[in-house]
Amino acid sequence: MSAPIYASSCPLSFNPNTSQTHYHHSCGYSTFTNHVPSSPFSKYHLNSLHTHTVVDEVDHDVGGHNLWLKMQDEARFDVTVEPILSSYYHSSILSHKSLESALANHLAIRLSNASLPSSTLFDLFKGILDGDDEHNIMDAVKDDLRAVKERDPACISYVHCFLNFKGFVACQAHRVAHKLWLQGRKVLAVMIQNRVSEVLAVDIHPGAKIGSGILLDHATGIVVGETAVIGNDVSILHSVTLGGTGKATGDRHPKIGDGVLIGAGTCILGNIKIGDGAKIGAGSVVIKDVPPRTTVVGNPAKLVGGKNNPIKLDKIPSFTMDHTSNISEFYDYCV
């Protein structure tokens, strides 16, 4: 039996007629744009916003295996700066031959407890990641790493994100749980959901479908329901709920388009659509569809600019991470 190594030792496209989620690798786009197309959001096709981030231009050589090599270089540099971390970095990064192995080990150690050994979890996670023949999960993992590095100014390196950002860790644990859910191994999938909720304070149902290039910033208190769908290149702040209304059954959770930015403390409730490139202001309660490239804010949420002539965004909000433009002009009070 394989076992984790301890420090003490040396674009989302959802077809309703299928049962699988496909993750599109975004780093291969040939042209860069941070402008949002005017195509409407589609309930069953979430990759209509063809984008990639600035990091694909700046770090265009950091793709695939090169990203793993860069993480190893970053780990070696960190050890030279802080030798006290040498054992930790060795067991977490430098002793592994692949990103898959390092991720399985990291998830296993973070989510284990006295009755759920890390060795058992490592075998489970490694089996799922190694069995990802189409590389859908690992391509999404790499896109997530790039997304965090580019959009979060607090992220100083890829290895820093990998080891220390719990939003990233929670998202990757969900990808494994979702794969188990699709395989019909629902008991294991829900177990992983519960451990992530207990350890990281992020509660994502394993049935939820999540694209690639995802930033869960801070992440504490994020709740995502079973039938929720999150597109590509989405940024979500802490204390966000993608939930039901409490009375509906079946398909009852929000559908989030590509390039959406969701501010802290937001509640989006019911089987509604948030259009591509939309921005949801912090603290909003959203219970109706939001058109593409628009901004809503408030409780209940209202369109900035008014329902008849809403202000249209010309840049992808999840990339700019601009939470206040248009919103601050819309309100004539100051605090």
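**Helix, sheet and pocket in the predicted model**

Apart from neighbours within four places in sequence, Q72 is in contact (heavy atoms within 4.5 Å) with I93, L94 and H96. The structure is a predicted model, in which local features need pLDDT of at least 70 and side-chain atom pairs count only at pLDDT 80 or more, while totals for chains, interfaces and linings use all residues. Residues are numbered from 1 along each chain as its sequence is written, and side-chain values use heavy atoms, with hydrogens and water left out.

Q72 lies in helix α2, residues 65-81; helices (H or I, at least four residues) and strands (E, at least two) are DSSP runs numbered from the N terminus. Q72 counts as buried because its relative accessibility is 10%, the limit for buried being under 20% relative accessible area with a 1.4 Å probe and protein chains only.

Four strands form an open sheet in the order β2-β5-β8-β11, with parallel pairing; two strands pair if DSSP finds at least two bridges between them. At the edges are β2 (209-210) and β11 (273-274), each of which pairs on one side only. Strand β8 (residues 255-256) is joined to β11 by two bridges, and these strands run parallel. Opposite I256 stands I274 in β11.

The largest pocket (an open set of points on a 1 Å grid over the protein atoms alone, with protein on both sides within 12 Å along at least five of seven lines) has a volume, the space filled by probe spheres set on the points, of about 300 Å³. Its lining (residues with an atom within 4 Å of a point) comprises 15 residues, of which K288, D289, A301, K302 and L303 are the closest to the pocket centre. The elements giving two or more residues to this lining are β13 (285-286) and β15 (302-303).

Methods. On a 1 Å grid over the protein atoms alone, a cavity is a set of points where a 1.4 Å probe fits but cannot get out, and a pocket is an open set with protein on both sides within 12 Å along at least five of seven lines; lining residues have an atom within 4 Å of a point. Buried means under 20% relative accessible area, exposed over 50%, partly exposed in between (1.4 Å probe, protein chains only).
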